[in-house]
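Subject: Model handover

Hello,

Here is the structure for your files. My notes follow below it.

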Amino acid sequence: MTVCEYKPGLEGVPATQSGISYVDGQQGILEYRGISIEELALKSTFLETSYLLIWGGLPTKPELEEFEYEIRHHRRLKYRIRDMMKCFPERGHPMDALQACAAALGLFYSKRALDDPTYIQNAVVRLLAKIPTMVAAFQLMRKGNDPVQPCDDLDYAANFLYMLNEREPDPLAARIFDICLTLHAEHTINASTFSAMVTASTLTDPYAVVASAVGTLAGPLHGGANEEVIDMLQQIGSVENVRPFVDECITRKSRIMGFGHRVYKVKDPRATILQKLAEQLFAKFGRDEYYDIALELEQVISEKLAHKGVYPNVDFYSGLVYRKLGIPTDLFTPVFAIARVAGWLAHWKEQLEANRIFRPTQIYTGRRNQAYTPLAERP
Ligand code: CMC
């Protein structure tokens, strides 16, 4: 066997072949199935984009209507899942709740008929339909309220905001949230997607695939960064404090949240779109107190870290948008998960089409041929 050079974090190592999304990190290009993210954000919807990602092409009108109809009618949670959620600690992180609920779906639909197109279709519909309901239900239940039932008259994005905030959202807010979901739906082989693919490659059920990906997305170096951005802006506190804050981070070699990316060495195209969405929301509903700090931070970092390719990533402006939509900070990552389910499912399907179990190798750095020392003789 050829021995390859070890790359920490598998940086630059191709782990799959994929036709789902394309990134050019030098030019700031992101495409889903060949269509630019800018065009999809402007012209598509999250569910149409999900169809594109998962089934490989844009749907016809009847195909889209059927897909939307199916999802609309599978949004409700089983009572047993809601009962299970009642046992969760209110102070637990919503990502942990979501991971448990996604895995629990597998208890109800564990047939694992991975060669049956109907099973695949049903799993796609159930996961896309129920994940938002789980996130909203946990939010209400941890406040001691009953979850709000999904509203069949509302589309995907509007229904989530309705279930979360217990009132119908403003149409601009709902449209902007739908665009946010589109922007977060897919991003090549990032950590959570890789996790989904590894899990998928064992031919386990899709609920386990999504649950493993949710667990991976939860970390602060991945999806969890957008929560930390808001904490950081709050901690900075004022525009005047930005420069000393950045200097201190550079001196201490600490990471500035919402900046830097393994692939993008320019401003993430999703950050550019999100910034414009944030401005639209501020124009209608009032400016966020942290926006000026964010602008100054971007400016100072472009002066001091651009030479290292450190620019705003998708997480930098998404938190400001979510705050304006009434989404609590610790739901930012679950909201990311709602969107990314589409990408995970697309990669799950693609993995099944040409499956080989992931089983990389390692370079052993430990000791060998050691004698066993009995407990009584150890120092
Ligand atoms: N703040 C300060 N310096 C940074 C940052 C940052 N956020 N990101 C990278 N750098 C510097 C880093 O110190 C290094 O400098 P040097 O060469 O002098 O050691 C150089 O830029 C290259 O960084 P790297 O560590 O090789 O980059 P990486 O590809 O391993 O890390 C990253 C990528 C996303 C983990 C990292 O940029 C980071 O920790 N960012 C903050 C967390 C964050 O915003 N995460 C969200 C990522 S995007 C959404 C997602 O994938 O979920």
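Which residue just after H12 takes a positive phi? Lys253 does, with a phi of about 55°.

This is a predicted model, in which local features need pLDDT of at least 70 and side-chain atom pairs count only at pLDDT 80 or more, while totals for chains, interfaces and linings use all residues. Residues are numbered from 1 along each chain as its sequence is written. Mean pLDDT (the predictor's confidence in each residue, from 0 to 100) is 95 for the protein, and 99% of its residues reach 70 or more. The complex has an ipTM of 0.96 and a pTM of 0.94.

Helix H12 (helices are DSSP runs of H or I, at least four residues, numbered from the N terminus) spans residues 242–252. Its buried residues (20 or more other C-beta atoms within 10 Å of their own, C-beta atoms being placed from the backbone) are Val242, Phe245 and Val246. They lie on the same side of H12 because they cover an arc of only 95° around the axis (taken from the directions from the helix axis to the C-beta atoms). These residues pack against helix H11 (225–236) and helix H14 (291–305), by contacts between C-beta atoms within 7 Å. The face turned away carries exposed residues (12 or fewer such atoms): Pro244, Asp247, Glu248, Thr251 and Arg252.

Around the ligand there are 19 residues (C-beta atom within 6 Å of it), and Ala225, Ile256, Gly260, Arg262 and Asn313 come nearest.

Regards

Conventions
Helices (H or I, at least four residues) and strands (E, at least two) are DSSP runs, numbered from the N terminus. Two residues are in contact if their C-beta atoms, placed from the backbone, lie within 7 Å.
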